[in-house]
Amino acid sequence: MKSHNHPKLVTVVIIVLGIIVTPISHVRAASAAEMNQKANSALHDLYARSAAARNVGHHAKAVLVFPEILKAGFIVGAQHGDGTLLSHGRPIGYYKTVAASYGLQAGAQRFGYALFFMTDGDLAYLRKSRGWEIGTGPSVVIVDAGMARSLTTTTLRKGVYAFAFGQKGLMAGLGLQGSKITPITPD
């Protein structure tokens, strides 16, 4: 019986294991100043690339920006990132997001996303919940390129709008369902 080499699969496994193990051994909590700078920079870049995001941001009560999420997996996957809650450009809180998944998956990806809270009630839910799992509580609308073209102030509704940005890596798909967002205290 002939043995088949799968160099691409082996490469992906090595990359995934390296990405998963390396951050664990080099974890250093970011300072509030670093988190603020990264969040403001990411939001500025998102607004420069998306008129829809800029429009939604103008009407939002607050924006929770996760500038960099790392997602990696091989059968079992995980994603993690830290974010800053901004209201009118000023930081009012800090959060982390984590999620786990399983199934047919292999690879690694970095991306960011911003959650735009449109009402005081939706924002209050985040702040009081001490741990919000996306898919419970306020409804989340993931804004893709098609929806962004038709999104206007008259079509905005209550809830939370999510814009993803900066996707890079070998893993396809972006899902926020099941992501848990909890408050943190940066250094």
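**View 1. The largest nonpolar core of the predicted model holds 19 residues.** Leu43, Leu46, Val63, Val65, Phe116 and Phe163 have the most contacts inside this core. At least two core residues come from each of H2, H3, strand S1 (62-87), strand S2 (90-117) and strand S5 (160-169). H2 gives the largest share, with five residues. Another core lies apart from this one and has 16 residues. Leu64, Leu85, Leu123 and Ala162 are among its members.

**View 2. The whole protein chain, for orientation, has five helices and six strands.** Read from the N terminus, the order of elements is α-α-α-β-β-α-β-β-α-β-β. The protein chain has 187 residues, and 39% of them count as buried. Take the contacts between residues at least 6 apart in sequence: 71% of these join residues at least 24 apart. The views below include pairs of residues that lie far from each other along the chain, such as Ala32 and Pro186, 154 residues apart.

**View 3. Helices H2 and H3 meet at a crossing of roughly 120 degrees.** Their axes come within 5 Å. Roughly perpendicular ends at 115 degrees and roughly antiparallel starts over 145, so H2 counts as oblique to H3. From H2, the residues in the contact are Leu46, Tyr47, Ala48 and Arg49. From H3, they are Ala51, Ala53, Arg54 and Gly57. Sorted by class, the contact has five nonpolar residues, one polar residue and two charged residues. Leu46 also appears in View 1, among the residues with the most contacts inside the largest nonpolar core.

**View 4. Helix H3 (residues 51-59) has four named buried positions: Ala52, Ala53, Val56 and Gly57.** These residues lie on the same side of H3, because they cover an arc of only 135 degrees around the axis. Ala53 and Gly57 also take part in the contact with H2.

**View 5. Gly57 sits in helix H3 and touches Tyr47 and Phe116, leaving aside neighbours within four places in sequence.** Its relative accessible area is 17%. The cut-off for buried is under 20%, so Gly57 counts as buried. Phe116 is one of the residues with the most contacts inside the largest nonpolar core. Phe117 is 60 residues from Gly57 in sequence, yet their C-alpha atoms are 8.8 Å apart in space.

**View 6. Ala32, in helix H2 (residues 32-49), contacts Tyr94, Pro186 and Asp187, leaving aside neighbours within four places in sequence.** Ala32 and Pro186 are 154 residues apart along the chain. Their C-alpha atoms are separated by 5.4 Å. Tyr94, the partner of Ala32 in this view, is the subject of View 7.

**View 7. Tyr94 of strand S2 is buried, with 15% relative accessibility.** That value falls under the 20% limit, so Tyr94 counts as buried. Not counting residues up to four places away in sequence, Tyr94 touches Ala32, Met35 and Asn36, among others. Gly83 and Thr84 are also among its contacts. Further contacts include Thr182, Pro183, Ile184 and Pro186. Thr185 is 91 residues from Tyr94 in sequence, and the C-alpha atoms of the pair are 6.5 Å apart. Pro186 is thus shared by two views: it touches Tyr94, and it also touches Ala32.

**View 8. Helix H4 (residues 120-129) has Asp122, Leu123 and Leu126 buried.** They fall on the same side of H4, because their arc around the axis is only 100 degrees. Asp120 and Lys128 lie on the other side of H4 and are exposed. Leu123 also belongs to the core of 16 residues. Arg130 follows H4 and has a positive phi, near 60 degrees.

**View 9. His88 lies in the loop between S1 and S2 and has a positive phi, near 55 degrees.** His88 is a residue other than glycine. Its relative accessibility is 73%. Exposed means over 50%, so His88 counts as exposed. Tyr94, in strand S2, is buried by contrast, at 15%.

How values were computed: Residues are numbered from 1 along each chain as its sequence is written. This is a predicted model: local features need pLDDT of at least 70, side-chain atom pairs count only at pLDDT 80 or more; totals for chains, interfaces and linings use all residues. Side-chain values use heavy atoms; hydrogens and water are left out. Buried means under 20% relative accessible area, exposed over 50%, partly exposed in between (1.4 Å probe, protein chains only). The arc is that of the directions from the helix axis to the C-beta atoms. Contact means heavy atoms within 4.5 Å. Axes are lines fitted to C-alpha atoms, for helices over the stretch in contact, and angles run from 0 to 180 degrees between N-to-C directions. Angles under 35 degrees count as roughly parallel, over 145 as roughly antiparallel, 65 to 115 as roughly perpendicular and the rest as oblique. Ala, Val, Leu, Ile, Met, Phe, Trp, Tyr, Cys and Pro count as nonpolar, Asp, Glu, Lys and Arg as charged, and the others, Gly among them, as polar. A nonpolar core is a set of buried Ala, Val, Leu, Ile, Met, Phe, Trp, Tyr and Cys residues joined through side-chain atoms within 4.5 Å.
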